[in-house]
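Student: I'd like a close look at a single part of this model: the pairing of its strands. Please start there and follow the connections outward to the rest of the fold.

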Amino acid sequence: MKKRLTPGDQTKTTHLGRRPDLFHGSVNPPVYHTSTILFPTMKEFEASYTRRADFGQLRYGRVGTPTSFAFEEAIAQLEGGHASIVVPSGLSAATTAMLAFLNSGDHLLMTDSAYYPTRRYCESLLSRMGVDTTYYDPLAGSNIEQLIKPNTRVIFLESPGSLTFEVQDVPAITKVAKEYGIKVILDNTWATPLLFKSFEHGVDVSIHAATKYIVGHADAMLGVMVANQESFQTLQMCAHQCGLCAGPDDIYLGLRGLRTLAVRLTQHHQQALSIIEWLSNRPEVARILYPALPDDPGYRMWQRDFLGACGLFGLVLNEFPKHAVANMLDGMKLFKMGASWGGFESLIIPAYPAKFRIAPPWQAEGPLLRLHAGLEDVQDLISDLEQGFVRLNATA
Ligand SMILES: *Cc1c(COP(=O)(O)O)cnc(C)c1O
């Protein structure tokens, strides 16, 4: 079945957060480079501390500018949250969201499929602060109830996992969490605010590495946390207390990326499908990890909950020695090696989930590669992979 965006979302991505009336008719909000905001009287200076800063009323650069307000308003409305907070990176969005709701002595349930640095934060900083983490099987669904302890305060999800692509049963997990008064935080980076509507599925806080598809051009680091009404204030206070603020140029790049997000995602999805169709007939390939494929274990849930797919997927090869994989990757012409994804360019990296997965341990036929299908001519991308397989076989 073909997927469709929520009606109106394409219009929203082009219009939200724009206020030409405030900026001399300018289509885009200007980039505000500012720290100090000047007030003409003592009365107005003092009043600025007792109201919330917004588009029309600034207080201090760190607590928001018209550039950040525009971005925050657009993202929150697109995902259907109450409000959002822009932060300097996707990782800071994940860590700040956890910090906001966890105290010393609390227990955290973390999906075993989480982005590795998110995991490292739990094992280092949160552990040092007296927060205990249990990793759960991303496919646990409502069985997550068995892992809840009296001090469990947060369940963290990442769906699909950005390395291993398990789709989580978000509604089942949020239903259990609500019964126990536990906050649910979702890393929604793969789907963006367009393809998974977190708040319709009971999530309290959705976080994004805007660095990926929202910025979309591999030229800025940016994160955003979107919250429901009940969670927003706690989250905003934590971000303000930590002194987090993203740079105005980077936020602007996020806003600019947002304008073309819908068309880019549609194209990335198409590119991924064409590449996967070719890959699935290759003898080197054991499995493809991409929930938008009918034979993927996550397909039914993806069909039920998502409005589309992006260009990021996993490729499990049959058994090949590491040096053969290196020979394949070293010679790639278009698929380049490097961290991140969501830009216009194609990427390929080797990944080793067996090194840290415990619930359950990672098992696969052979090496895992993670691919990002960029916006190049898809035949050129396929030829690049075809040449790669020649090198893979030559050294096997
Ligand atoms: C990249 C990524 C992050 C971290 O984002 P940065 O902007 O690089 O800090 C978090 N979660 C997921 C799923 C990611 O892919």
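Tutor: Happily! Let's begin with the term we need: two strands pair if DSSP finds at least two bridges between them. Keep in mind as we go that this is a predicted model.

With that in hand, look at strand E4, residues 152–158. On one side, E4 is joined to E5 by five bridges, and the two strands run parallel. Five bridges satisfy the requirement of at least two, so E4 and E5 count as a pair. One position to pick out is leucine 157, which stands opposite leucine 186 in E5. E4 has another partner in strand E2 (residues 107–111), with four bridges between them, again in a parallel arrangement. There, histidine 107 has threonine 152 of E4 as its bridge partner.

How enclosed is E4? Six of its seven residues are buried, so the strand is largely enclosed by the rest of the structure. In general, the side chains of a regular strand alternate between the two faces of the sheet.

Now follow E5, which covers residues 183–187. Lysine 183 of this strand meets glutamate 230 in a salt bridge, with an N to O distance of 3.5 Å. Glutamate 230 belongs to helix H8 (residues 229–242), and the two partners sit 47 residues apart, so the pair links distant parts of the chain. The two ends of this bridge have contrasting surroundings: lysine 183 is buried because its relative accessibility is 16%, under the 20% cut-off, whereas glutamate 230, at 64%, is over 50% and therefore exposed.

E5 also brings us to the ligand. Asp187 is among the closest of the 13 residues that surround the ligand, along with Gly90, Leu91, Thr211 and Lys212. By class, this shell is made up of five nonpolar, five polar and three charged residues. Three distances deserve your attention here. An oxygen atom of the ligand is 2.5 Å from an N or O atom in the side chain of threonine 211, and an oxygen atom of the ligand is 2.6 Å from an N or O atom in the side chain of lysine 212. With glycine 90 the partner is a polar backbone atom, 2.8 Å from an oxygen atom of the ligand. As for how covered the ligand is, it exposes 380 Å² when taken alone, and the protein buries 93% of that.

Let's widen the view to the charged pairs. Side chains of opposite charge can pair when their charged atoms come close. The structure holds 13 salt bridges, and the one between lysine 183 and glutamate 230 is among them. Another joins arginine 119 to glutamate 123, where the closest N and O atoms are 3.8 Å apart. Both residues lie in helix H5 (residues 116–128), and because they are four residues apart, about one helical turn separates them. Arginine 119 is buried at 2% relative accessibility, while glutamate 123 is partly exposed at 44%. This pair belongs to a network of salt bridges that links Asp112, Arg119, Glu123, Glu166 and Arg357. A further salt bridge connects glutamate 284 with arginine 282, with 2.9 Å between the closest N and O atoms; both of these residues are buried.

Finally, a stop in the later part of the chain. Glutamate 376 sits in the loop between strand E11 (368–372) and helix H13 (378–394), and its relative accessible area of 21% makes it partly exposed. Its side chain makes a polar contact of 2.7 Å with that of serine 346. Serine 346 lies in a loop as well, between helix H12 (322–330) and strand E10 (347–351), and is buried, with a relative accessible area of 1%. For a sense of scale, the C-alpha atoms of glutamate 376 and cysteine 122 are 38 Å apart, with their positions 254 residues apart along the chain. In helix H13 you will also find leucine 392, which is buried at 0% relative accessible area. Its C-alpha atom is separated by 8.7 Å from that of histidine 323, although the two residues are 69 residues apart along the chain.

Terms used: Residues numbered from 1 in each chain as written. Predicted model: local features only at pLDDT ≥ 70, side-chain atom pairs only at ≥ 80, totals over all residues. Heavy atoms only, no water. Near = heavy atom within 4 Å. Polar contact = N/O pair within 3.5 Å; in protein donor to acceptor, adjacent residues only side chain to side chain. Areas by Shrake-Rupley, 256 points an atom, 1.4 Å probe, with all protein chains shown as cover. Nonpolar A, V, L, I, M, F, W, Y, C, P; charged D, E, K, R; others polar. Salt bridge = Lys/Arg side-chain N within 4 Å of Asp/Glu carboxyl O. Buried < 20%, exposed > 50% of the residue type's maximum accessible area, 1.4 Å probe, protein only.
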